[in-house]
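Colleague: I would like a close look at a single part of this protein, set against the chain as a whole. Please keep it plain.

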Amino acid sequence: MSVREEYELRTEQLITPLVKKNSFELVDVEYVKEGANWYLRAYIDKEGGITVDDCEIVSRELSDLLDKEDFIPDAYILEVSSPGLGRQLKKEKDFKRSLGEEVEVKLYKGMELLNEKGKKVKVKELVGYLEGYDDERITLDLGEQKLEIERKDIAIIRLAIHF
């Protein structure tokens, strides 16, 4: 386990009782470096959507616990927020909740598909309906065809957003 993963796991263990106490859902925890700064981010949600006040409650309590535990030696910025509309599907519960929903999939490398004229084209981005998943692959319904994609080949999968 990397140091980053350890920090995320320990933070998840600290925040889980806080979100449960407030009837929220913990969506994800990430520890990332952006530019010169480290960020410890917790994404929370609830039925009907999370508010700024909800984030503040969890942020204050989590900050106190992190100060007490003091297991991250680097300076970092703590952020507690909503996962947003375009949140990534990462965990089992994300995939389960998104079955039948339209998703965007970005691949690490191009995949050959047949276009509507029957010509082979290489694509790195797909939009379709999440029909199924397991630990190894997902199944997308693209309308004219169903496609199985290995999860190891997926850079990002998230709910599609239409404006």
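Among contacts in the protein chain between residues at least 6 apart in sequence, what percentage join residues at least 24 apart? After that, please take me through the open sheet of 5 strands.

Modeller: The model is a predicted one. To your number: 54% of the contacts between residues at least 6 apart in sequence join residues at least 24 apart.

The whole chain comes before the sheet. It has 3 helices and 8 strands, and from the N terminus on the elements run α-β-β-α-β-α-β-β-β-β-β. The C-alpha atoms fill a box of roughly 60 × 35 × 30 Å along the principal axes. Of the 163 residues, 34% are buried. The exposed surface comes to about 10300 Å², with carbon and sulfur atoms supplying 48% of it.

Now the sheet. Its 5 strands are arranged in the order 7-6-5-4-8, and the pairing is antiparallel. Strand 7 (146-150) and strand 8 (154-159) are the edge strands, each pairing on one side only. On average, neighbouring strands of this sheet are turned by 45° against each other, direction ignored.

Inside that order, strand 4 (residues 102-114) and strand 5 (residues 120-133) are joined by 9 bridges in the antiparallel sense. One residue pair to look for is L113 and V121: V121, in strand 5, is the bridge partner of L113.

V105 is a useful residue to follow in strand 4. Its relative accessible area is 1%, so V105 is buried, the cut-off being under 20%. Beyond its neighbours within four places in sequence, V105 is in contact with K124, E125, L126, I138, L140, I149, I154, I156 and I157. Of these contacts, I149 falls in the range of edge strand 7 (146-150), while I154, I156 and I157 fall in that of edge strand 8 (154-159). G132 is not a neighbour in this sense: 27 residues separate V105 from G132 in sequence, and their C-alpha atoms are 14 Å apart in space.

G132 does appear among the contacts of another residue, T139. T139 belongs to strand 6 (residues 137-141). With 16% relative accessibility, T139 is under the 20% limit and therefore counts as buried. Leaving out residues up to four places away in sequence, T139 touches Y129, L130, E131, G132, L147 and E148.

For contrast, consider the other end of the chain. Helix 1 (residues 3-21) has 19 residues, which should span 27 Å at 1.5 Å a residue; the end C-alpha atoms are 28 Å apart, so the two figures agree. A kink of about 35° lies at I15, shortly before the proline P17. The buried residues of helix 1 are Y7, E8, T11, L14, I15, L18 and V19. Their cover includes strand 1 (25-34), strand 2 (37-45) and helix 2 (52-69).

Two loop residues deserve a check of their backbone angles. Most residues other than glycine have a negative phi. S23 is not a glycine, yet its phi is positive, about 60°. S23 sits in the loop between helix 1 and strand 1, and at 61% relative accessibility it counts as exposed. D70, also not a glycine, has a positive phi of about 50°. D70 lies in the loop between helix 2 and strand 3 (77-81), and its 57% relative accessibility makes it exposed.

Definitions and conventions: Residues are numbered from 1 along each chain as its sequence is written. This is a predicted model: local features need pLDDT of at least 70, side-chain atom pairs count only at pLDDT 80 or more; totals for chains, interfaces and linings use all residues. Side-chain values use heavy atoms; hydrogens and water are left out. Helices (H or I, at least four residues) and strands (E, at least two) are DSSP runs, numbered from the N terminus. The expected span of a helix is 1.5 Å times one less than its number of residues. The bend at a residue is the angle between axes fitted to the seven residues ending there and the seven starting there. Buried means under 20% relative accessible area, exposed over 50%, partly exposed in between (1.4 Å probe, protein chains only). Contact means heavy atoms within 4.5 Å. Two strands pair if DSSP finds at least two bridges between them. Axes are lines fitted to C-alpha atoms, for helices over the stretch in contact, and angles run from 0 to 180 degrees between N-to-C directions. Accessible areas come from the Shrake-Rupley method with a 1.4 Å probe; for residues, only the protein chains shown count as cover.
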